[in-house]
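Student: I have just opened this structure and would like a guided tour. Could we go through it together, one question at a time?

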Amino acid sequence: MNYIKHLTGFFEKVVQDKTLNPTHISLYIALFQFWNFNRFRNPISITRDEIMRISKIASKATYHKCLKNLHALGYLNYQPSYNPFKGSQVYMFDFSEHLKPKPRQTTPKTNTFSEPLDEQALNNSQTSAEQALVPSINSINDTNLPNPLNMDEHPKKEATDHPDLKNQTTPAIKEKKLRQKKKEPSTPCPIPTLTEILTYFDEQQYPEIEAHKFFNYFSSNGWLVGGKTKMKNWQASARNWILNAEKYKQPTTENRARNLNTTTNKNYSEPL
């Protein structure tokens with residue numbers, strides 16, 4: 001038997017069979033390896049642990065389910081053995097006999113440039129709904145067909161389909177709203193004049209020099225609080241200026257370095 005033709009016939013059969021999944025194919029390849037070791041003689045004796053190890057199947061239920069499916073679909077003949085000292089037997093079918101050379105179809109050559117450009121099938125006025133359907137190059141791409149072996153699988157509905165959940169706001173939406181509120185520009189206060197600041201500092205019974213410091217500082221940085229945000233209330237900023245100015249007043253010290261003063265007639269030869 002030509003095993004290359006056999007595998008080619010097997011995969012051509014798999015392409016047309018939409019009920020198989022990768023686990024079935026992996027199990028069949030493991031059985032084919034045992035058949036190869038037996039020089040393609042039927043039947044072959046198999047052991048469950050060895051087949052599961054080669055096919056990378058970890059579940060015993062999946063192993064038996066796939067093996068019975070291959071038997072039911074005509075890929076092999078499975079004869080289970082319930083004797084622990086005797087392995088189960090499998091008859092492998094030869095798919096190389098189903099391959100027949102297909103006659104070559106020749107199409108007459110046509111001149112692709114014989115028709116004018118304005119008489120082509122697709123015109124600029126045609127919509128996308130009128131375009132011709134081009135078949136897929138590889139028919140394996142049709143993977144959305146239902147699988148009769150797994151009828152218990154049902155599509156899960158999204159949580160947003162429920163009418164009661166549509167009106168609820170998720171934490172992500174709340175966070176997005178908060179970010180939008182932060183991005184909204186705040187209305188800055190009108191820039192005060194030096195006369196208004198002098199009058200306000202005079203009402204607070206604070207020196208005029210501090211009013212000039214306040215005006216010069218915020219005029220230099222564009223009336224930004226902390227150098228980042230626009231000032232909203234200059235009277236409140238002025239009150240903070242007055243409160244914080246008390247902290248930075250340096251106490252006056254007299255007779256600095258008093259302990260360092262020494263008499264000029266000190267005798268350095270005397271012991272301490």
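Student: What is the mean pLDDT of the protein chain?
Tutor: Good place to begin, as this is a predicted model. Of the chain's residues, 63% reach a pLDDT of 70 or more. The mean pLDDT of the protein chain is 74.

Student: Over which residues does pLDDT stay under 50?
Tutor: Where pLDDT is low, the predicted coordinates should not be read in detail. For one such stretch the model has two contacts beyond four places in sequence, and for another it also has two. These stretches are residues 112–132 and residues 153–160.

Student: Which residues touch the most other members of the largest nonpolar core?
Tutor: This core holds 25 residues. The two that touch the most other members are Leu-27 and Leu-76.

Student: And which element gives the largest share of this core?
Tutor: Several elements give two or more residues to the core, including helix H1 (3–16), helix H4 (60–72) and strand E2 (76–79). The largest share is seven residues. The element that supplies them is H2.

Student: Which residues does Leu-27 touch, not counting those up to four places away in sequence?
Tutor: Let's leave out its neighbours up to four places away. What remains is Ile-51, Ser-55, Ile-57, Tyr-63, Cys-66, Leu-67 and Leu-70.

Student: How many residues does the second, separate core have?
Tutor: Among its members are Ile-197, Tyr-200, Met-231 and Ile-242. In total, this second core has 14 residues.

Student: How many aromatic pairs are there in the whole structure?
Tutor: Some ring pairs link up into a cluster, made of Phe-201, Tyr-206, Phe-214, Phe-215, Tyr-217, Phe-218, Trp-223 and Trp-241. A search of the whole structure gives a count of 20.

Student: Why is the pair of Phe-32 and Trp-35 called edge-to-face?
Tutor: Both residues lie in helix H2, three residues apart, about one turn of the helix. Their ring centres are 6.3 Å apart. Planes over 60 degrees apart count as edge-to-face, and the pair gets that name because its planes are at 80°.

Student: Trp-35 also pairs with Phe-40; is Phe-40 buried or partly exposed?
Tutor: The rings of Trp-35 and Phe-40 have centres 5.2 Å apart and planes at 85°. Trp-35 is buried, at 2% relative accessibility. Buried means under 20%, and because Phe-40 has 22%, it counts as partly exposed.

Student: Over which ring does the charged end of Lys-13 sit?
Tutor: The charged end of Lys-13 is 5.2 Å from the centre of that ring. The ring belongs to Tyr-75.

Key: Residues are numbered from 1 along each chain as its sequence is written. This is a predicted model: local features need pLDDT of at least 70, side-chain atom pairs count only at pLDDT 80 or more; totals for chains, interfaces and linings use all residues. Side-chain values use heavy atoms; hydrogens and water are left out. pLDDT is the predictor's confidence in each residue, from 0 to 100. Contact means heavy atoms within 4.5 Å. A nonpolar core is a set of buried Ala, Val, Leu, Ile, Met, Phe, Trp, Tyr and Cys residues joined through side-chain atoms within 4.5 Å. Buried means under 20% relative accessible area, exposed over 50%, partly exposed in between (1.4 Å probe, protein chains only). Helices (H or I, at least four residues) and strands (E, at least two) are DSSP runs, numbered from the N terminus. Rings of Phe, Tyr and Trp (its six-membered ring) pair if their centres lie within 6.5 Å; planes under 30 degrees apart count as stacked, over 60 as edge-to-face and the rest as tilted. A charge sits over a ring if NZ of Lys or CZ of Arg is within 6 Å of the ring centre and within 35 degrees of the ring normal.
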